[in-house]
Structure formats: C-alpha cells, structure tokens
Amino acid sequence: MAAFGTEFSEQLTIAHYVDGAWGPASLQPMGPLPIHPAAHVLHYASTCFEGFKAYRWDDGSVHIFRSDMHIARMRNSAKSLHLPVPDTELLTNMVESVICTSLADIPPPPGALYLRPTLIGTTPNIGAAASPADQATLFVLASPVGDYFKGGAKPLRILVDDTRYRTVEHLGSTKTGANYAAALAPTLAAKQKFDVDQVLFCPEGDVQETGAANFLLIGKDRVVTKPLDTSFLHGVTRDSILTLAGDLGMRVEERDFSVSEMLALAEDHEAALSGTAACLTPIGTFIHQGKEIQLGEGGFPRTARLRDALCDIHAGKAGDLHGWLQRVSCN
Ligand SMILES: *Cc1c(COP(=O)(O)O)cnc(C)c1O
C-alpha cells in the first residue's frame, strides 16, 4: 500500500459557491483544478478541511465513522474563517457519492477510505486581505489507506516545548491550513535537533496538543486531557476515546494541567496521541529541556485497550453502542 495520503480515488465531488448560493455537486475525474492566480485562498489562506474514514466490513457494507461530527466541525471551521458555510446535506451527499465511486478501492479494516472534504475561497481579488471570500469551491477527495501501523505501533518520541504556540488562540479549534504552516518550522527544527516525531505544544506550560493530534494521559483508572477551548482542535477520536474510557469504568478528567504535573503523572501514567489517521498511539519518550524521560516501562496496555475498543467498533467487531457508524447505501 502507498504511503498515507498519496493514493487517490479516481473521482472527486465538487461544488461551487457563487452569487450567494451553492451550485449542484458533481463528480469529476481526479486531477488538477483550474484556479485563478488571484484566488483568495492562495494569498490569504481562506481554507479549511476535514479528515475521516469509511470502513468496508467483510459483508461488503460500508460505514462512515461519526460523519455528523466531522461535518459539523467543517461547518464551524468555515464559519470561523468567514467562508460560505456548506449545508450539512450538501456535504453529506458529496461524501457519500465519492464513497460510492470508490467501493472497490477500500481495503479491509484497519484499512479504510480516508475522506478529505476541502473548502477554499476562490474570489479573484488580491485586494481582499481584510475581507472574506464570497466565492468558494468545495470538494471531497478520497484516499484508500492501509494499516497505519503495519509492522507494529512504534512508541513516539515527543519534544515537550513549554514556550511555543502551535497557532493563535482564536484559530486553534479551526481545521485550517494556516495552523499547519505555523507548526511546521518548530516541528522540523525539533525533528532535526532531537530526532523526535512530533512537538507537544505547551505554551506558558499549558499542555495543549501536537501539530495534528490530541494528547491524553492514561492512568490505571482514569484519563486526563485538556478541556475543550478554542486553543486546540476538538478531535473526534479524543471524544470517542473519552466515551469508551467511561464505558470501561475509567474516570474522565477534562482539565487544564501543566508540564510539571504531566511529567509527574508520567511516572505511572501512559501518554498517547489521538487522531483519525493513527487512532491512538503511545508516547515512549519525552524530551524536555534537553532531558530524555522514558515512559511505559511495562509496555502500553491501557493505550492498547482503548485503541482496540475503538478499532473494534470501526471494523464491526464490537457493537456500535453509541450510534457512531453511518451506513452508506450505494445503488
Ligand atoms: C485533525 C486534528 C486532530 C485530530 O482530530 P480527529 O478528529 O481525532 O481526527 C487533532 N489536532 C489537530 C491539530 C488536527 O488537525
């Protein structure tokens, strides 16, 4: 299987917003899109996206994981960027229609069809730095993805940065390109200097998240993670893991905590990153102020238990008690 995100379905769905209304969505072959060189997105980063998965079970049925939550988050992202907000129905139909063209390409779980709705501001106006885009294009592309952990999940090496911000506070919960641009240079510098996988951004000591995944501490009978605010992305995986932890009788503590508390807790807690692409991945090493701190001497059984609880729902091997799967019917 090709590397995550580098292989695409043969078609995408696309719709345009002009003169105050969304036009009809249509399917077209995957390939370059015509774009005006003055398009708002190219200069002023008016863009947001989503990432979620559809699973094909052994019986051939296809199920999207929590598409309602992802579509609601996409609409919130669009709103926060003052982009035209696509209707839930339009987005849902576009997602389902691209899935239905790609059925044969969906690998079995833990593989999936990764869905990437993307919204861009297309108004051709380079004078619009301080005004919103009033023309936009929405497309949904799909990418067959294999087992992210083929060959076993390797515990991550993470730099704990207690000064830098991942992005600005009022865009933290918006899934927008500019946030990844902001996190890129610090992440590359950390990779080069400390050979880490990711940076855990903890500005002023407040433990937030990495460039593209949420952070959780997992104790014997509790999970500790930051409460929802606008500084970080509200992961659907995070929400699902917290719910499943509650189902397993664990206490869920959504509260702010500092780097020093986190390092103290790491003595008898596991630490993990959550996100759609990699589900829940244990952290094996923190680098903090030049010191290496090892976690999970006895392995990562609690992380594995929560990850399996979630992956079994994806694969249809465990009951969908919370109604998280939406079955797609193609005919
Ligand atoms: C997408 C994303 C996540 C994970 O969200 P999920 O809904 O769990 O996939 C976490 N942090 C950032 C910055 C993200 O972009």
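Biologist: Which residue has a polar backbone atom 3.4 Å from a nitrogen atom of the ligand?

Modeller: That backbone atom belongs to Ala213. A polar contact is a pair of N or O atoms within 3.5 Å. The model is predicted, so local features need pLDDT of at least 70 and side-chain atom pairs pLDDT 80 or more, whereas totals for chains, interfaces and linings use all residues. Residues are numbered from 1 along each chain as its sequence is written, and side-chain values use heavy atoms, leaving out hydrogens and water.

Biologist: Which side chains place a polar atom 2.6 Å from the ligand?

Modeller: Glu209 does so towards a nitrogen atom of the ligand, and Thr237 towards an oxygen atom. The protein covers 96% of the 380 Å² of accessible area (Shrake-Rupley, 1.4 Å probe) that the ligand has on its own.

Biologist: Which residues come nearest to the ligand, and how is its shell composed by class?

Modeller: The shell holds 16 residues (a heavy atom within 4 Å), of which Lys175, Tyr180, Glu209, Thr237 and Thr276 come nearest. By class it has five nonpolar, seven polar and four charged residues; here Tyr and Cys count as nonpolar, and Gly as polar.

Biologist: Where does the ligand sit, and which elements surround it?

Modeller: The ligand sits in the largest pocket (more than half of its atoms within 2 Å of the grid points). A pocket is an open set of points on a 1 Å grid where a 1.4 Å probe fits, with protein on both sides within 12 Å along at least five of seven lines; lining residues have an atom within 4 Å of a point. Helices H2 (67-80) and H5 (236-247) each give two or more residues to the shell around the ligand; helices have at least four residues and strands at least two, by DSSP.

Biologist: How much space lies in the largest pocket, and what lines it?

Modeller: The space, filled by probe spheres set on the points, is about 1,100 Å³. Its lining has 42 residues, with Tyr148, Gln198, Ala212, Ala213 and Ala277 closest to the centre. Elements giving two or more residues include strand E7 (112-121) and helix H4 (177-194). The largest share, six residues, comes from H4. By class, this lining has 19 nonpolar, 14 polar and nine charged residues.

Biologist: What lines the second largest pocket?

Modeller: That pocket holds about 510 Å³ of space. It is lined by 30 residues, and Tyr55, Pro110, Cys279, Cys311 and His314 lie nearest its centre. Strand E5 (52-56), H5 and helix H7 (301-314) each give two or more residues, with H7 giving the most, six. The lining divides into 17 nonpolar, six polar and seven charged residues.

Definitions and conventions:
Polar contact = N/O pair within 3.5 Å; in protein donor to acceptor, adjacent residues only side chain to side chain.
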